[in-house]
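Colleague: I would like to go through the labels attached to this model and hear the grounds for each one. Please show it first.

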Amino acid sequence: MQKIENNKYTDNFDEEIDLKKLFFVLVQGRWIITSASAFFLVVGIIYSLSLPNIFESKALLAPVQESSSLISRSSSQYNRLTSLAGITLPEEDNSSNSKKAIELMSSLSFFENHIMPNIFLPNLMAAESWDKEKNIIIYDESVFQKNLNIWVKDNLDSKQSTPSAQKSFRVFKDAHFSMYKDNKNGYIVLSIKHLSPVIAKQWVQIIFREVNSFYKQKDKEKSEKAVIFLNKQMAQSNLSEIKKVTASLLEKEIQRLTLVEANKDYVFEYIYPPSVMEEKAEPRRSVITILFFLFGFLLGLIIALIRYYLSEEKSSI
C-alpha cells in the first residue's frame, strides 16, 4: 500500500517537473513563438483580404401536387375493359416527376442541354471578381479575353473553341451548385454561389424554369400521343361499348392536356424565391485569420521545443 502511494507521489512530482520545464521552454522561446504567431497572423489577414466575396442565392421549392395523378386514378377503372377489348394504352409512369427532377437537376445532361445554353459561359469558367459599382464581372485574361470574345487555347482541350460541357459541369457542381431535400417536410433547398449576387439569383431562376419546362413538355407530348392513339382506336372499333370506354379515356387525356397547359409551375413551386443578396456568404475572414494565427503559434511552440532539447543534448555531451 505504501509502495503504491510512493509511486503516485513520484508520478505527480514528475508531472510537476514536466509542466515547469514546459513553462520554462515557453518563456525561453517566447520570441520565436511570438514572431511565428505574428507572422502567420499577418499572412492570414492578407490572404483572407485577397479572397473575393462569394454570394449565395437560395430558393425553397415545394413539389407541385400532380393533378394528373387524379386523372390517372379515375381512368384506371377502364383498364380492365380496354384490356378485354384489345386496346393497349401507353403505360403510365406512376413515379412522381418531382422525385425524378431532383436527380435530373444534378445530372450532366440537364446541365448540358438546359443550363449551359442559357448562361454566359465565361461567368462560370473565367470569372475573377465582381465590380459592385458597375455590376460587371471582371474576367481572368489568361482564360478568357472579353475584348476579343475568345478563349485562351492553353486552357482548352485540343480542337475545342470553348470549355467542354463535362469540364464546365464539374466546375458548376463543385463550386456553385448545391441542392438538398429536407426529409421532414419534403421541401428542396436550391442554392447557387457566385462572385455576383445578381448572377447567383439568375442561375437559380434558370434551373427552376428549365426543370419545370422540361417535364411540362414531356407530359404534354405524352398526352398528345395518347389523344392521337385513342382517336385512332375509336375510328377502328365498331363496338359501341368499346367506343364508350375509349371516349371516356379520351376525355381524361384531354383534361390532362388542359392541366399541363394551364400549370406554369409544373413540377416545383416557390415557397420563397431567390434574392439578390447584399451580404456575402464566403469567405469567413475572421475564421481564416484565427486558423493562421493558431498554426503560427503551434509552429513557434514546436520550433521552441526542438531548439530547447537540441541545446540540452549539446550541453550534456
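Colleague: Which element gives the most residues to the nonpolar patch?

Modeller: Helix 11 does, with 7 residues. Bear in mind throughout that this is a predicted model. The patch covers about 860 Å² and is made by L41, I45, L49, V287, I290, L291, F293, L294, F297 and L298. The elements that give two or more residues to it are helix 2 (30-50) and helix 11.

Colleague: Why is L291 called exposed?

Modeller: L291, in helix 11, has a relative accessible area of 53%. Exposed means over 50%, so L291 is exposed at 53%.

Colleague: What makes K193 and E282 a salt bridge?

Modeller: Their side chains meet at 2.5 Å, N to O. The cut-off is 4 Å between a side-chain nitrogen of Lys or Arg and a carboxyl oxygen of Asp or Glu, so the pair at 2.5 Å qualifies.

Colleague: Which parts does that salt bridge tie together?

Modeller: K193 lies in strand 7 and E282 in the loop between strand 8 and helix 11, so the pair ties together parts that are 89 residues apart in sequence.

Colleague: Are K193 and E282 buried, partly exposed or exposed?

Modeller: K193 has a relative accessible area of 23%, and E282 has 31%. Partly exposed runs between the 20% and 50% limits, so K193 is partly exposed and E282 is partly exposed.

Colleague: How many salt bridges does a search of the whole structure find?

Modeller: The search finds 2. Besides K193 and E282, the side chains of R209 and E210 meet in a salt bridge, at 3.3 Å, N to O. That value is within 4 Å, so the pair R209 and E210 counts.

Colleague: Why does E210 count as buried, and what is R209?

Modeller: The relative accessibility of E210 is 13%. Buried means under 20%, so E210 counts as buried. R209, at 42%, is partly exposed.

Colleague: What kind of peptide bond joins E282 and P283, and how do you know?

Modeller: The bond is cis, with omega about -5 degrees. P283 is in the loop between strand 8 (268-272) and helix 11 (285-316). Most residues other than glycine have a negative phi, and most peptide bonds are trans.

Colleague: What makes the phi of N135 and the phi of N149 worth listing?

Modeller: N135 has a positive phi of about 55 degrees although it is not a glycine. Phi of N149 is near 60 degrees, also a positive value in a residue other than glycine. N135 is found in the loop between strand 2 (127-131) and strand 3 (136-139), and N149 in the loop between strand 4 (144-145) and strand 5 (150-151).

Colleague: Why is N135 called partly exposed, and N149 exposed?

Modeller: The limit for exposed is over 50%. N149 has a relative accessible area of 52%, so N149 is exposed. N135 has 39%, so N135 counts as partly exposed.

Colleague: Is S196 buried or exposed, and how do you know?

Modeller: S196 sits in the loop between strand 7 (188-194) and helix 9 (197-236). Its relative accessible area is 1%, so S196 is buried.

Colleague: What does S196 contact, leaving aside its neighbours within four places in sequence?

Modeller: S196 is in contact with W130, N135 and I137. S196 and I137 are 59 residues apart in sequence and 7.3 Å apart in space, C-alpha to C-alpha. The 4.5 Å limit for contact applies to heavy atoms, so the 7.3 Å between C-alpha atoms does not set aside the contact of S196 with I137.

Colleague: What backbone nitrogen does the side chain of S196 reach, and which side chain reaches the backbone nitrogen of S196?

Modeller: The side chain of S196 reaches the backbone nitrogen of I199 at 3.3 Å. The side chain of H194 reaches the backbone nitrogen of S196 at 3.0 Å. A polar contact is within 3.5 Å, so 3.3 Å and 3.0 Å fall inside the limit.

Colleague: Why is H194 called buried?

Modeller: H194 lies in strand 7. Its relative accessible area is 1%, and buried means under 20%, so H194 is buried. Leaving aside neighbours within four places in sequence, H194 is in contact with residues including N53, F55, I137, H176 and W203.

Terms used
Residues are numbered from 1 along each chain as its sequence is written. This is a predicted model: local features need pLDDT of at least 70, side-chain atom pairs count only at pLDDT 80 or more; totals for chains, interfaces and linings use all residues. Side-chain values use heavy atoms; hydrogens and water are left out. Helices (H or I, at least four residues) and strands (E, at least two) are DSSP runs, numbered from the N terminus. Buried means under 20% relative accessible area, exposed over 50%, partly exposed in between (1.4 Å probe, protein chains only). Patches are made of residues with over 30% relative accessible area and no salt bridge: like charges are joined within 9 Å, nonpolar side chains (Val, Leu, Ile, Met, Phe, Trp, Tyr) within 5 Å. Accessible areas come from the Shrake-Rupley method with a 1.4 Å probe; for residues, only the protein chains shown count as cover. A polar contact is a pair of N or O atoms within 3.5 Å; within protein, one must be able to donate a hydrogen and the other to accept it, and residues adjacent in sequence count only if both atoms are side-chain atoms.
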